[in-house]
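Thanks, everyone, for making the time. I would like to walk through one model this morning, going from the whole chain to a few individual residues, and I will give the cut-offs as the terms come up.

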Amino acid sequence: MLSAKWVRDNLDAVKEGLKKRGMQINLDRFLSLDSQRRQLIQEFDELRHQQNVYSKKIGKLRQEKGNPQEIIEEMKKVSAKIAEFEEKKREYDEETRNFLLNLPNRCHPDVPEGDANAEVRRWGEPPQFDFCPRDHEEIGESLGILDFKRAAKMTGRGFVLYKGLGARLERALINFMLDLHISRGYEEILPPFMTNYAATQGTGQLPKFRDDLYRCEKEDYYLVPTAEVPVTNLYREEILDEEDLPLSYVAYTPCFRREAGAYGKKIQGIIRQHQFNKVELVKFTTPETSYGELEKLTLEAEEVLKRLELPYRVVKLCGQELGFAAAFGYDIEVWLPSQERFLEISTCSNFEDYQARRASIKFRAKANKSTHYLHTLNGSGLAIGRTVVAILENFQNRDGRILIPEVLHSYMQGEKWIEKP
RNA sequence: GGAGGGGUGUCCGAAUUGGCAAGGAGCCGGUCUUGAAAACCGGUGAAAGGCAGUAAUGCCCGUCUGGGUUCGAGUCCCAGCCCCUCCGCCA
């Protein structure tokens, strides 16, 4: 979140960000609340000061065998007043906190105006077919590697079951991506797949996006919607050394999302599921280096598509598409032959200090040992299910077989084709 | 799931019947030394926050977390979290 002080001092930037995001939030209400709150704090602190001074006097008097009864009577009144103020202060603090938790991050000046993303670059050529390309759902079912009906039977709508070479392809992709990122300097994390309330609030999913999460009621634990949540919370409430930054992590987790109210052709098959696999990249950096690191992280995610020989493009996210907690971000979109469009397969974001402030993650500066919030970044590298979609569609043959990308052969015990058994 | 023990700074660790949160290690500087270590001297250290102020600074908060009792809580009471030991269950 942003701090009350920052919002107060940077009203124009906050307004600009809200405008780009197309959001309406009443800042005047916040401002009057904030000034009332500060007035209250001053009076409250003054009373506390009085209490501290006189309490010491009472202690001293008692040691000298004097009678402090008169002061005690007087201080009872002060104490009662403090209790009153405390109640009010709690209300103000709560209201301020609620406001700030529901305020999105600011927008970086480079975030495009309007409601359209801006294309930055393209790689590869969409494949030309001398037949009508089928969509992944049809391909998957006809090859017997995807089973939606039986997944619905054991769980419900929005789940899928991978079989045989389909399951092996999914698993191969997870390992291929992890190995690639590890070889390029990322450290692997295998985190818990559930997080507690504080952690889930730290990255911005709570309280605003409560309805998008699966919750274990008894423990108040949340199934992770992305590895970003546990991995960013690695250092919650910690102070790191500047020399140790940037830190780069890669983590595989399944992701669980309720996705309430999403239907339609665009998200058919395994494009949007309640459970999907993802390999995620997370970085902790200093404020000075975060945008440079975002470029590197994005290229890292692109590298996966290059090696899989899948055509894609990169777009700069406009304010309305930008995540709630992000200040700036790119989408990587892979070519989808059946729909003749690009499909989002990775979002790479710089959260600046928004998550760090929520989760209280700081670093100690080398120069003067002062502490500052660090910057957090993340990006999918990549969403596994959608990568399967892209492979099935882009590498399909007239005869219904699927050519497995060469880099995956060693991960699939030499299999080169997915075909009907 | 049950029983017991514990949580104070970067680390170790005190604080009596409730009354200014010891001491040590470390860190920084110095003396000594060819250089270092050791020793000695001095300094520093209770996070992070918050409020006021141009600032120096002042004040509030702050002993795992949240409540409560009290003029006053590290200390007393209640609830919770985490760690350790033992018992039960268990892939």
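**The chain as a whole**

Chain A has an accessible surface of about 21100 Å², and carbon and sulfur atoms account for 46% of that; such areas come from the Shrake-Rupley method with a 1.4 Å probe, and for residues only the protein chains shown count as cover. Before going further, please keep in mind that this is a predicted model, in which local features need pLDDT of at least 70 and side-chain atom pairs count only at pLDDT 80 or more, while totals for chains, interfaces and linings use all residues. Residues are numbered from 1 along each chain as its sequence is written, chains are lettered from A and ligands numbered from 1 in the order in which they are written, and side-chain values use heavy atoms, with hydrogens and water left out.

Taken along the principal axes, the C-alpha atoms of chain A fill a box of roughly 100 × 45 × 40 Å. Chain A has twelve helices and 18 strands, where helices (H or I, at least four residues) and strands (E, at least two) are DSSP runs, numbered from the N terminus. Of its 421 residues, 49% count as buried, buried being under 20% relative accessible area, exposed over 50%, and partly exposed in between, with a 1.4 Å probe and protein chains only. Among contacts (heavy atoms within 4.5 Å) between residues at least 6 apart in sequence, 74% join residues at least 24 apart.

**The RNA strand**

Which residues come nearest to RNA strand B? Of the 21 residues around RNA strand B, they are Asp45, Ser55, Arg62, Lys76 and Lys362, and a residue is near the strand if one of its heavy atoms lies within 4 Å of it. That surface divides into four nonpolar, nine polar and eight charged residues; here Ala, Val, Leu, Ile, Met, Phe, Trp, Tyr, Cys and Pro count as nonpolar, Asp, Glu, Lys and Arg as charged, and the others, Gly among them, as polar.

Seen from the RNA, 78% of the strand B atoms within 4 Å of the protein belong to sugar or phosphate, and the rest to bases. Polar side-chain atoms of Arg48 and His49 illustrate this, the one in Arg48 lying 3.1 Å from a phosphate oxygen and the one in His49 lying 2.8 Å from a sugar or linking oxygen. In Gln51, a side-chain N or O atom is 3.4 Å from a phosphate oxygen of the strand. The elements that give two or more residues to this surface are helix H3 (27–63) and helix H4 (69–101), and H3 supplies the largest share, 14 residues.

**Cysteines and two loop residues**

A search of the whole structure finds zero disulfides, a disulfide being a pair of cysteine sulfur atoms within 2.5 Å. Why is Cys107 without a bond? The closest cysteine sulfur, in Cys318, is 9.3 Å from that of Cys107, which is too far. Cys216 is likewise in no disulfide, the nearest cysteine sulfur, that of Cys255, being 16 Å away. Cys107 is buried at 9% relative accessibility, whereas Cys216 is partly exposed at 23%.

Gln268 sits in the loop between strand S9 (247–256) and strand S10 (275–285), and at 13% relative accessibility Gln268 counts as buried. Leaving out residues up to four places away in sequence, Gln268 touches Asp135, His136, Glu137 and Gln339.

Finally, Asp399 lies in the loop between helix H12 (384–394) and strand S17 (402–403), and its side chain reaches the backbone nitrogen of Arg401 at 2.9 Å.

Note on methods:
Polar contact = N/O pair within 3.5 Å; in protein donor to acceptor, adjacent residues only side chain to side chain.
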